[in-house]
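Got your viewer open? Let's take a walk through this model, one selection at a time.

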Number of protein chains: 2
Amino acid sequence: MKPELQKLVALDRERVLVAHIASLLFWDQDTHMPSGAEEERAEQLAWLEGAAHEKAVDPEIGNLLAALGCTDEQPAGDPALDPEARAFLRVLHRIYSREVKLPADLVAETAKAQSLGQSAWVRARTDSDFSAFRPHLERMLELKRRAAACMDPSRKPYDVLLDLFEPGSDEASIRRVFDPLRGELTALLGRIRSRPQVEDSFLRKTCPKEAQTAASRYFMEVLGYDLSRGRLDVTAHPFTTTVGRSDVRITTRYDENWFLSSLFSTIHETGHALYEQGMNPPAGYEGTCLADGASMGIHESQSRMWENVVGRSRPFWSREYPALRAVLGDVLSGVALESFLKGINKVEPSLIRTEADEVTYGLHIILRFEMEADLVSGRLAVRDVPAAWNARTRDLLGIEPPNDAKGCLQDVHWSAGLFGYFPSYSLGNLYAAQFVQAMRKDLDLDDRVRDGDYAAVLGWLRKNIHASGAALLPDELCLRVTGKPLDSGHFVDYLGRKYSEIYGF
Amino acid sequence: MKPELQKLVALDRERVLVAHIASLLFWDQDTHMPSGAEEERAEQLAWLEGAAHEKAVDPEIGNLLAALGCTDEQPAGDPALDPEARAFLRVLHRIYSREVKLPADLVAETAKAQSLGQSAWVRARTDSDFSAFRPHLERMLELKRRAAACMDPSRKPYDVLLDLFEPGSDEASIRRVFDPLRGELTALLGRIRSRPQVEDSFLRKTCPKEAQTAASRYFMEVLGYDLSRGRLDVTAHPFTTTVGRSDVRITTRYDENWFLSSLFSTIHETGHALYEQGMNPPAGYEGTCLADGASMGIHESQSRMWENVVGRSRPFWSREYPALRAVLGDVLSGVALESFLKGINKVEPSLIRTEADEVTYGLHIILRFEMEADLVSGRLAVRDVPAAWNARTRDLLGIEPPNDAKGCLQDVHWSAGLFGYFPSYSLGNLYAAQFVQAMRKDLDLDDRVRDGDYAAVLGWLRKNIHASGAALLPDELCLRVTGKPLDSGHFVDYLGRKYSEIYGF
């Protein structure tokens, strides 16, 4: 390895190391930290974020990137370098040139506005009072438009923001995928609603936390999560966090009257963790920017593949239903496999995104995508958000929020300035369906799952998706794995086959 | 506050903040970290230690200290400054001038030798093979002699090392305290051994971990530990760690066949935590070096005061024995208060320091103090350690270790280069006895404890000892609180009164 490259690897490793330390502090904050320590923890995190930003924009990185031939036109550097070096340089150049363009005062102002915005959002949601949140949303939009202009003044701001979460995407490319999806989902929902609704009241039986914990641990382990390199804890909102390449932790939450919540959130986060645990950068590049997800959408494809495509499938429960019944005690006694399968796949328009089923979920995302595209471009004024939200909900789902808490105030994302994040959730479903189609050419997914041979499935994912980490852009990865660009048709086919069986049409 | 002083406070706060972040990583390593993450955690901690050292020796600190008139002769700076500023400057000057004199390569070499030495010690203790540890101990002694020479070439190396843990002390001052103590403890032990031994086999009844946890939590809370600013976890070796001024965590360990272990280790660590939670630097100096213990010995006085002087006393159990019996279930059924009191105060020479009673504990420490004084000065060769250890154990305690694991390899301290640390443990007992004598002039300790009015005791400690933190040197604190320098007579009196009652002489 060239000395310049070695130095860059060392600098980037330090940046990642600081980010991992910050992850531990965030994890502790949500899991174990005493309540009185909140204010100090914010100071500690601010210090670490400052240190990480300093590492990311170290002028030495800029000099070394230039010395290795990296420019905006040639982000992977000198074409004579080996492919591993070029992959590393491309990712690092992307991070460096993004961070270095943000003025320090904008970074600080944004951090402050996020903190204020999130607190204001919590209060506004509690009181279901959008007007209390409105000035914060306006401020955050202004700051994010400014950030987008700094990062790339030649592009539309929303395009720049989307690219942060889904590298290579823009509003038009997402629209090309979402536009046909919208019609298909609406049509499928119509067919489902023409059939008698399935029964799921038996899923509301009280299930003690201990039994749910045992089930969570069982499914984590059986799916291949390496517990010597991770752990399970409890938080208000489940998440996965990477504290180190051998320390990927997940959390879940327990609702004693709705055990499906912990069951599927654990499988979902296990999917994220398996991706993180499976990244395998080339020798010499361990612990660098290559050990990261290809995008938020690809990350979400891994969690949703395990949660939905595997975790809500007939082959999976043909094998695992006896184990689940055994571990949950008598909660499911008298419930036949067929009823359970229908119950966990019930489709019904509902107001809250995070509680939505596989079919209506995409409509929730399309609503947010369209609204944030309009907000960032200025086509929609912040004061008109509640009315627009309610009208679009009625339009897409046929129901209307009774208040803003159950409508435009339900998600935390905008209060933290995360415009452009929402599409990833749906892209995850689409990628998952397309990847699974490719997987089926190499192995019989249903048979492997029915036999409990999840290692075969994980092995395929490790080889084809996890190992390369951030080395490929999402569209490159999709092409390499499936031979085609992302196409929502695979997801639509998957849903059609699955739900025609469940609802009998 | 002068601008130079404000800058110094900000710089010192950053140093403390980094140390707190490192504390969280250490805590996590011992409590929750997955086993596979060991190597990465070591890298993360090394980075944080490097950052903390960098902060400690920032040349800007040196310039600002000089600008405020701090010199070795005038460590508290310009006499015209207010007392708070002078206390802060004295502590900071002490830290800065110590750290800045250590060459970077010596710091790095020592860190590496510590890591190697501790691993070698674990193996040597497992195999009970001193020869495998010998080269590491020799190396560590050499490094520590070099460090002492850098910090103060005009003093004997062991004096410099003692001063790190007990500011203001040296070998002669410790000897003045320990010499009479040795004779008194030996005489008291002789009197105790001439009497029939007390019974304690009923304390070995199996006690489930859950009951012990409940007892631990009960005693933490009842003694005034603020659980909104701390928490209790489980580790192999109990400790207290400060993650922030509002985040002081303790740990304990559970032995189902010896519940006294968790009971008294929890009360002990609670004592440390109450000290940390009670530090109260002057306004403007929060989160600086003033928010620290006056010394390791003073810290230990707080843990041992609660563990022994209060926690093993008749007034305490007169009040708490019913609560303990209730929370432990039937473990103590049929055991009278008198038997319990005698059982928990049984005195018997034993080989392992950490399991020693209040009387023989001091003899274990005197042995280590004398041995490390001889080792650092070169009067004792490392190869002669096992023979010397065994001879001195026979001499002091009348028993002899059957092997090195139960002899000179039992403690981790020397493998980590902690020469000069051991005396603090005994000094803690001595300070505690002397502080309690002073406390009794202001309040009736026995009555207050018998009434469960621990808040009165804690209030006295907060006002007289905790609040000042590191602002006073230990001998200054002792003089201010008790009117006299440290004198082992108070401890000897305390032991004599207590054990004449228990053993009836």
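Here is a tour of the two chains, a helix pair and the sheets.

Before you click: this is a predicted model, where local features need pLDDT of at least 70, side-chain atom pairs count only at pLDDT 80 or more, and totals for chains, interfaces and linings use all residues. Residues are numbered from 1 along each chain as its sequence is written, chains are lettered from A and ligands numbered from 1 in the order in which they are written, and side-chain values use heavy atoms, leaving out hydrogens and water.

**Stop 1: both chains.** Color chains A and B separately. Turn chain B by 180° with 0.0 Å of shift along the axis, and it superposes on chain A with an RMSD of 0.0 Å (a least-squares fit on the C-alpha atoms of residues with pLDDT of at least 70 in both). The two copies are thus related as by a two-fold rotation axis. The same surface serves both: 100% of the contact residues of chain B recur in chain A (contact means heavy atoms within 4.5 Å).

**Stop 2: two helices in chain A.** Select residues 104-127, helix H5(A), and residues 130-151, helix H6(A). (Helices are DSSP runs of H or I with at least four residues, strands are E runs of at least two, and both are numbered from the N terminus.) How are these two helices packed? Their angle is about 150°, with axes 9 Å apart. (Axes are lines fitted to C-alpha atoms, for helices over the stretch in contact, and angles run from 0 to 180 degrees between N-to-C directions.) That makes H5(A) roughly antiparallel to H6(A), a label for angles over 145 degrees.

Now show side chains. Leu106(A), Ala113(A) and Trp121(A) are among the H5(A) residues in this contact, and Phe133(A), Met140(A) and Cys150(A) are among those in H6(A).

**Stop 3: the sheet in chain B.** Which order do the strands take? It is S1-S3-S2 in chain B, an open sheet of three strands with mixed pairing (two strands pair if DSSP finds at least two bridges between them). S1(B), 232-234, and S2(B), 240-244, stand at the edges with a single partner strand each, so one side of each has no neighbour in the sheet.

Zoom in on S2(B) and S3(B), residues 247-252: they pair in the antiparallel sense over four bridges. Thr241(B) stands opposite Arg249(B) there. Next, add H1(B), residues 3-31, which packs on the sheet and touches S1, S2 and S3 of chain B. Finally, show H10(B), residues 260-278, lying across S2 and S3 of chain B at about 165° to S3(B).

Notes: Angles under 35 degrees count as roughly parallel, over 145 as roughly antiparallel, 65 to 115 as roughly perpendicular and the rest as oblique.
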